[in-house]
Amino acid sequence: MARGSAQRKEELSASTPLTNPALYDFWEGVFFGENDIAVLHGGRSSSKTRDTACQLVRLVDHVRVKMRVLCIRRFQNRIQESVYTELKWAIAHLGLTSAYEIQKTTIIHRATGSEFIFYGIERNLEDIKGTSDVDILWVEEAEKLTEDQWVVIGPTIRKEDSLAILLFNPKMVTDYVWKDFVVNTPPHCIVHKINYTENPFLSEKAKRDIAAMQARDPEMFEHIYSGVPLGDSELSIFKRRWLDACVDAHDVLKVELTGLNIIGFDPADDGEDKSATADKIDGVFTDAEDWSSGKDQLVQNAKRVWAKAKNAGATVSYDTIGVGAFVGGYIDEQNEEHSAKVKHYAFHAGGAVMDPDKPSDLQNDNSTLNKDEYLNLKAQAWANTARKAMLTFNAVTRGQAIRTGDVLSFSSQIGKDKLDALFTELCVPWWVETEGKKRVVPKLKLKKDLGVKSHNLADAVIAADNVHIAGSTFTLDNL
């Protein structure tokens with residue numbers, strides 16, 4: 001695709017009410033700069049997809065050479081699920097119906113033979129890999145793109161002056177596209193963020209709907225319409241920067257942590273759920289793992305966790321909600337069968353808060369009482385571990401004083417991939433309010449609204465981090 005033509009620049013950047021003026025400078029940098037990759041991200045209703053469709057339809061019509069535009073997204077079972085529909089709309093919107101032949105599975109420019117072709121990544125990765133002579137690659141919903149997929153897809157734009165355009169609404173701070181294109185922008189890559197506030201074509205109804213969500217659910221609004229990735233929101237219970245500072249925090253702060261060895265266990269609740277464990281050994285989290293499971297495998301899972309606890313000289317702290325209610329009995333059976341003494345305690349996340357009549361902030365006697373601040377033990381426990389993460393962050397990055405019991409430390413030997421998965425799970429949930437009290441956003445809401453799977457690893461960490469056992473007493477540590 002030739003660049004630098006003064007005539008093309010004048011044609012493409014001319015003021016027009018047909019495309020979004022807020023993106024004029026971005027498209028100028030895309031088409032007339034020295035960039036190989038263009039990234040456009042932000043919240044919903046920001047005109048990203050429609051503006052891209054308009055710009056590519058107009059570009060192909062203006063550039064009188066044969067071009068090939070490859071349009072891909074992760075899932076595409078039907079052509080209507082691709083950007084094919086948006087391109088059809090753009091052709092009509094720009095008054096170029098006579099210039100294009102819209103076929104069942106492709107769109108052809110009549111004068112030059114330029115074509116738009118469409119693939120779904122999951123089903124057609126090898127076909128995409130074999131596609132040649134691509135001038136422009138358009139990746140829609142690029143937040144779902146994995147590094148392994150990009151290694152295969154990226155080389156399709158091997159031609160001189162070829163271009164990749166990645167569009168997405170941010171989802172997770174650890175998503176590949178967010179980390180490797182937005183946070184760590186590579187050379188010859190232009191990145192731009194746009195939200196609904198810069199979309200002059202937004203209908204009044206859409207504006208009312210957005211305003212209603214902002215009033216009803218500000219946390220969800222921030223993610224969906226303000227384009228803030230999960231784990232990077234100030235409304236998240238945990239902040240990713242806090243957790244990153246907790247890696248090997250005990251070594252950084254030169255403190256020796258102590259405490260009972262605890263295996264936090266979150267048993268699987270249904271066929272789609274996973275079981276998970278988090279190992280807190282000598283005061284440091286040394287491992288975290290999850291595995292596919294189901295109700296019919298609860299006995300095997302309990303045996304697996306029992307063996308791990310026995311080898312580590314640890315106590316099992318397990319979530320007793322749902323199928324977890326049976327875990328203690330299965331561990332007792334293993335103890336009897338093997339003449340062992342693995343202790344176990346039920347972490348009843350939905351139960352009453354500990355120390356209900358004590359201040360929720362131990363540094364402030366005038367703070368709200370625990371029973372008035374938190375709806376249940378789960379909320380109180382998440383708040384406690386998040387508080388320790390924040391204090392550890394302040395100690396590591398700002399040199400603030402911290403009590404040994406408040407240090408939250410994850411061993412780097414857990415491995416980068418495991419820590420990324422764990423920290424993402426911890427960063428996703430936010431506070432919601434019920435009966436005027438804080439609670440962790442329900443898992444069903446996360447799944448329904450965002451498609452986020454259950455945060456089993458995070459729950460295992462919370463269960464392990466929030467128990468202090470002395471005799472038969474079960475209390476929250478440091479609360």
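The exercises below treat aromatic pairs in a predicted model.

Local features here need pLDDT of at least 70 and side-chain atom pairs count only at pLDDT 80 or more, while totals for chains, interfaces and linings use all residues. Residues are numbered from 1 along each chain as its sequence is written, and side-chain values use heavy atoms, with hydrogens and water left out.

**Exercise 1.** Classify the geometry of the pair Phe238 and Trp382, and place both residues in the chain.

*Solution.* Rings of Phe, Tyr and Trp (its six-membered ring) pair if their centres lie within 6.5 Å, and planes under 30 degrees apart count as stacked, over 60 as edge-to-face and the rest as tilted. By this rule there are 13 aromatic pairs. In one of them, the ring centres of Phe238 and Trp382 are 5.8 Å apart with planes at 70°, so the pair is edge-to-face. Phe238 lies in the loop between α9 (218-224) and α10 (240-245) and Trp382 in helix α15 (residues 377-398), so the contact ties together parts 144 residues apart in sequence; helices (H or I, at least four residues) and strands (E, at least two) are DSSP runs, numbered from the N terminus.

**Exercise 2.** Repeat the analysis for Tyr374 and Trp431, and decide whether each is buried or exposed.

*Solution.* With 6.4 Å centre to centre and 40° between the planes, Tyr374 and Trp431 form a tilted pair. Tyr374 sits in the loop between α14 (370-373) and α15, and Trp431 in strand β14 (residues 431-434), 57 residues apart. Buried means under 20% relative accessible area, exposed over 50%, and partly exposed in between (1.4 Å probe, protein chains only). Tyr374, at 9% relative accessibility, therefore counts as buried, and Trp431 is buried with 17%.
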